[in-house]
Amino acid sequence: MVGGTRGVGLEVARLLASLGTRMVVNGRDSAAVAEAAQAIPNSIGHAGSPADPSVADALIDTCIREFGSIDILINCAGTAEPIGSSIRNVTSTQFRELLDAHLLTTFETCRAAAPHMVAQGSGAIVNTSSFAFLGDYGGTGYPAGKGAVNSLTLAIAAELKEHGVRANVVCPGAKTRLSTGPDYEAHITELNRRGLLDDVSFQGALDAAPPEYAAPTYAYLASDLADAVTGQIFIAAGGFVGRFDRQTPSIVAYRGHHDEPPWTIEEIAAQVV
């Protein structure tokens, strides 16, 4: 359970434990890890950032050593974009830190877990993305990292399906430390003023449900009830459970390359509008 010490991750861990799941709880703050592991039945803690390959390997190895196998991998780790961050002022260091927290953590834990799941012929991976991957919530490294998590998960799902391993994504909407406080409220209000968030999304962002409302979708995807579900991106926001349709191309213009010349830019412009 990566990122299982706070917010959505902690509620997912609590729900899974109530359903009889034994787990390794991970987070970067060792004190928070110890507290969570003490509070969650049948769990042990393992602190560190899984963006570090050695931490990711140790996390999976600990699970196998303590519990005999790695059947479920859930990634809920994340960090907020700095207040006011944009492509005009974000530093390369800040951008890399955001990619590490979201994409690299997801990649390294999936890389470490996948061979074991393939060897046993089963496994469920549930990664965490965000509505922010659409770009409507501003920022740079956060939406880029979450969008990359989506693509990585779809690729993992396609590759591992024949081996009995499933991979899906949840975009949660919940009131956590990342989505509360005056700075967050000012940011959401400004996005609404600029027309990036409609009024419904604006109200939902300011009045999100507690994280326990998002947890059941993770538990479902980790369970045998979802044994035919893979390669999908779900939404869990309050009482709303949704799913993003898989992107498919639509034809704007077409002509054969064997007997027709390339489009001119004027012809493309006429087709696009």
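**Close-up 1. F131, F133 and F244 come together as one aromatic cluster.** Keep in mind that this is a predicted model. There are 2 aromatic pairs in the structure. In one of them, the ring centres of F131 and F244 are 6.2 Å apart and the planes meet at 65 degrees, so this pair is edge-to-face. F131 sits in the loop between strand 4 (123–128) and helix 5 (141–160), while F244 belongs to strand 7, so to speak a long walk along the chain: the two are 113 residues apart.

**Close-up 2. F133 and F244 also pair up edge-to-face.** Here the ring centres lie 5.3 Å apart, with the planes at 75 degrees; an angle over 60 is what earns the edge-to-face label. F133 is in the loop between strand 4 and helix 5 and F244 is in strand 7, so this pair ties together parts 111 residues apart in sequence. How buried or exposed is F133? With 25% relative accessibility, F133 counts as partly exposed. F244 is partly exposed too, at 24%, and F131 has a relative accessible area of 24%, which also makes F131 partly exposed.

**Close-up 3. R255 holds its charged end over the ring of W263.** The distance from that charged end to the centre of the ring is 3.9 Å.

**Close-up 4. V252, I268, V272 and V273 make up a nonpolar patch on the surface.** Together, these four side chains offer about 410 Å² of accessible area. Where does V252 lie? Look in the loop between strand 7 (240–244) and helix 9 (265–272). V252 has a relative accessible area of 49%, so V252 counts as partly exposed.

Notes. Residues numbered from 1 in each chain as written. Predicted model: local features only at pLDDT ≥ 70, side-chain atom pairs only at ≥ 80, totals over all residues. Heavy atoms only, no water. Patch = residues over 30% accessible without salt bridge, like charges linked within 9 Å, V, L, I, M, F, W, Y side chains within 5 Å. Areas by Shrake-Rupley, 256 points an atom, 1.4 Å probe, with all protein chains shown as cover. Helix = DSSP H or I, 4+ residues; strand = E, 2+ residues; numbered from the N terminus. Buried < 20%, exposed > 50% of the residue type's maximum accessible area, 1.4 Å probe, protein only. Phe/Tyr/Trp six-rings, centres within 6.5 Å; stacked < 30°, edge-to-face > 60°. Lys NZ or Arg CZ within 6 Å of the ring centre and 35° of its normal.
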